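Reader: I am in my first year and still learning how to read a model like this one. Could you take me slowly through one part of it, and then show me how that part sits among the rest?

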Amino acid sequence: MTRVMRGTHSRIRLAADELAHLEREVAKLVSFLDREAVLREATRLLTSDFGFDCAWLAEHLDGDSVIIRHESGMLSTAFHDLALHRGWGLGGKVFALGKVEWVDEYLSSPTITHHYDDKIRAERLHRIIGAPINVDGELVGVVLGGARDGATFGPRAATIVETVAERTAQALHVAEQAQRKATAAIQEERERMALDLHDSVGAMLFAITAGVRSVVESTSDAALHSRLSTIEQQAREAAMTLRDSLRALQSPVEQLALGSALQAAIAAFESRCQITARLVMLDVLPPLGDRAVRTLIAAAKEGLLNVEKHAGATDVVVTVGCSGDGITMAITDNGCGIDQDAAGEAQFEGDRGFGLAAIEKALGDVGGTLQVAGNPEGGTTFRAWVHA
Amino acid sequence: MSEVIRVFVVDDHPVVRDGVALLANTSRKIEVVGYAATGKSALEHVREMRPHVILLDLRLPDMLAPELIGAFARIVPTARIVVFTAYPDHPAVRAALDAGACGVVPKDAARTDLVSVITAAALGEDAAPTFQPAQRTHALVGRREYDVLRRVAIGETNQEIADAMCLSPNTVKAYLRNLMQKLDARNRVEAISRAREVGLL
């Protein structure tokens with residue numbers, strides 16, 4: 001292939017065959033179905049195939065900077081994990097403007113800020129060019145290339161960097177889709193396994209228990225009776241364990257995370273106040289936003305605290321399930337219940353404290369609701385609902 | 001009902017038929033008259049079996065339970081169909097009950113008195129809540145009771161359940177009381193826990 005020629009007259013050239021090569025090489029990015037591999041390959045392409053001395057790629061994680069995550073052809077570690085602030089230096093300028101930008105005499109250029117000059121010196125760079133990587137209209141990163149000679153960049157170098165950035169964006173999009181599909185496929189397989197296990201092992205456990213039960217009922221031997229009852233009990237526990245494991249297999253990762261956070265809150269509650277509490281996940285839940293999940297967990301903690309302070313309960317169950325087009329988390333206790341006269345808004349004031357009012361507000365902020373009601377046969381139900 | 005209750009078991013695992021037969025054998029009033037491992041085979045044989053009660057596994061290899069329940073209702077309209085489940089799969093249970101199954105019973109031989117469940121199903125005892133405490137308890141959870149259980153578990157109040165199901169609060173209370181009795185529970189917390197243990201929730 002035509003290499004970029006070095007020297008005072010050189011530019012990054014883009015002859016017809018080189019353009020074809022560019023297209024061919026960057027198109028390969030799409031075949032990397034892994035995000036990290038795509039980003040690594042994008043910088044490698046710039047140095048190995050398109051004559052840049054070095055290249056780096058900064059990702060936009062959140063906030064007002066992009067962070068350099070991938071490098072190729074570096075002399076030092078100066079760029080390693082460097083955060084490029086929006087508007088600062090050339091990378092920050094590309095980040096801020098969202099278009100291809102370059103400088104030929106970096107250290108003396110009046111068109112950029114000079115926050116990163118020491119890093120540029122460490123890399124002995126003269127000129128830098130960069131382009132934004134946009135996926136679905138959102139800037140996800142900036143790819144940059146540099147040269148240590150005193151030549152200049154032009155439209156052709158811009159074409160290369162822009163092409164690499166565009167293809168990187170496409171490849172990231174494809175990688176994300178692939179990742180999503182793979183996750184869905186794994187989830188599907190797990191669900192299939194769970195159902196198969198339920199069908200086969202569940203049926204066998206039923207038959208074992210039934211067999212033991214029929215002998216129990218036909219024997220008058222007390223010792224045998226007691227031993228068989230133990231076996232019956234064990235088989236029943238095995239069936240329960242099986243159901244719990246199958247439930248875990250069927251649950252999406254986010255649901256397991258919500259479940260374990262709730263389980264932790266319940267364990268803390270149990271050890272604090274010696275009240276038996278149990279978590280019951282009723283359904284496979286639809287996807288929930290982080291904020292909704294955090295709010296539900298906070299609501300569970302507040303609800304349990306409420307039981308601890310006011311209910312005089314000995315037994316609590318926390319349930320989570322689908323209701324309407326959202327998710328409900330309910331805490332039911334067997335305590336003294338609440339004064340029916342204090343129904344409605346009044347119950348969130350005074351004695352029952354600011355905690356409930358705060359949780360009600362937090363739920364309201366994510367489009368959710370809170371309800372606390374006494375049950376006619378005793379006990380209280382605390383119910384938080386969020387939109388899925 | 002003086003005649004013997006004829007039970008047809010539809011489950012793709014033969015061990016389940018054996019288990020049901022063993023449990024049913026403890027009563028002379030119940031006879032397992034037939035067994036089918038697939039929906040297709042069940043439809044072929046159900047007429048000649050003349051079952052009073054069909055114990056139907058929620059998950060069969062060839063057909064969906066609601067589909068099969070609809071077909072049973074046409075072929076043997078008097079047979080009462082009980083969904084027999086080892087795993088609480090709410091959407092599937094709900095669909096089967098909507099299709100016309102009269103109740104759901106957990107595949108938990110240690111906890112469930114299958115003889116009384118089958119007898120109750122044959123007698124139609126699931127149809128309405130009994131306001132007097134039943135003399136004899138059975139674990140057949142009827143369609144309405146199952147709905148009430150789900151709603152209680154999700155934290156709904158009696159009034160909310162009554163509104164949602166177009167019932168009076170007293171009827172909801174009665175369903176709930178029967179349900180607690182069947183689950184051997186003293187209150188909502190225990191009802192939810194027990195239902196979980198036996199695989200109803």
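Author: What follows is a close look at chain B, starting with one of its helices and moving outward to chain A.

Please keep in mind throughout that this is a predicted model. Chain B has 9 helices and 6 strands, and of its 201 residues 55% are buried. Among the contacts in chain B with a separation of 6 or more, 66% link residues that are 24 or more positions apart.

The helix to begin with is α5 of chain B, which covers residues 114-123. Because 7 of its 10 residues are buried, this helix is largely enclosed by the rest of the structure. The buried residues of α5(B) are Leu114(B), Val117(B), Ile118(B) and Thr119(B), together with Ala120(B), Ala121(B) and Ala122(B). If you ask what covers them, the answer includes one helix, α1 of chain B, and several strands of chain B, namely β1 (5-10), β2 (30-36), β3 (53-57), β4 (80-85) and β5 (103-106). After α5(B) comes Gly124(B), which has a positive phi, near 75°.

From there we can turn to another pair of helices in chain B, α6 (residues 143-153) and α9, which pack with their axes 10 Å apart and at an angle of about 110°. With that angle, α6(B) is roughly perpendicular to α9(B), and the crossing of the two is left-handed. On the α6(B) side the contact is made by Leu149(B), Val152(B) and Ala153(B), while α9(B) contributes Arg188(B), Ala191(B), Ile192(B) and Ala195(B). Sorted by class, the residues of this contact are 6 nonpolar and 1 charged, with no polar residue.

The helix α9(B) also leads us to the other chain, since 36 residues of chain B are in contact with 45 residues of chain A. On the side of chain B that touches chain A, α1 (14-24) and α9 (188-198) of chain B each supply at least two residues, and the largest share, 7 residues, comes from α9(B). That side of chain B is made up of 13 nonpolar, 11 polar and 12 charged residues.

Chain A, for its part, holds an open sheet of 6 strands, in the order β3-β2-β1-β6-β5-β4 and with antiparallel pairing. At the edges stand β3 (83-85) and β4 (101-103) of chain A, each with a single partner strand, so one side of each is left without a neighbour in the sheet. From one strand to the next, the twist averages 25°. The edge strand β4(A) pairs with β5 (residues 127-135) of chain A over 3 bridges in the antiparallel sense, and Glu101(A) has Gly130(A) of β5(A) as its bridge partner. Helix α2 (residues 35-48) of chain A packs on this sheet, where it touches β1 (54-59), β2 (65-72) and β6 (138-147) of chain A, and its direction makes about 60° with that of β2(A). Another helix, α5 (residues 155-218) of chain A, lies across β4, β5 and β6 of chain A and runs at about 30° to β5(A).

A further open sheet in chain A is formed by 5 strands with mixed pairing, in the order β7-β8-β9-β11-β10. Here β10(A) and β11 (residues 380-387) of chain A run antiparallel and are joined by 6 bridges, with Trp385(A) in β11(A) as the bridge partner of Thr369(A).

How values were computed
Residues are numbered from 1 along each chain as its sequence is written. Chains are lettered from A and ligands numbered from 1 in the order in which they are written. This is a predicted model: local features need pLDDT of at least 70, side-chain atom pairs count only at pLDDT 80 or more; totals for chains, interfaces and linings use all residues. Helices (H or I, at least four residues) and strands (E, at least two) are DSSP runs, numbered from the N terminus. A residue is buried if 20 or more other C-beta atoms lie within 10 Å of its own, exposed if 12 or fewer, and partly exposed in between; C-beta atoms are placed from the backbone. Two residues are in contact if their C-beta atoms, placed from the backbone, lie within 7 Å. Ala, Val, Leu, Ile, Met, Phe, Trp, Tyr, Cys and Pro count as nonpolar, Asp, Glu, Lys and Arg as charged, and the others, Gly among them, as polar. Two strands pair if DSSP finds at least two bridges between them. Axes are lines fitted to C-alpha atoms, for helices over the stretch in contact, and angles run from 0 to 180 degrees between N-to-C directions. Angles under 35 degrees count as roughly parallel, over 145 as roughly antiparallel, 65 to 115 as roughly perpendicular and the rest as oblique. A crossing is left-handed if the near helix is turned anticlockwise from the far one by less than a right angle, and right-handed if clockwise.
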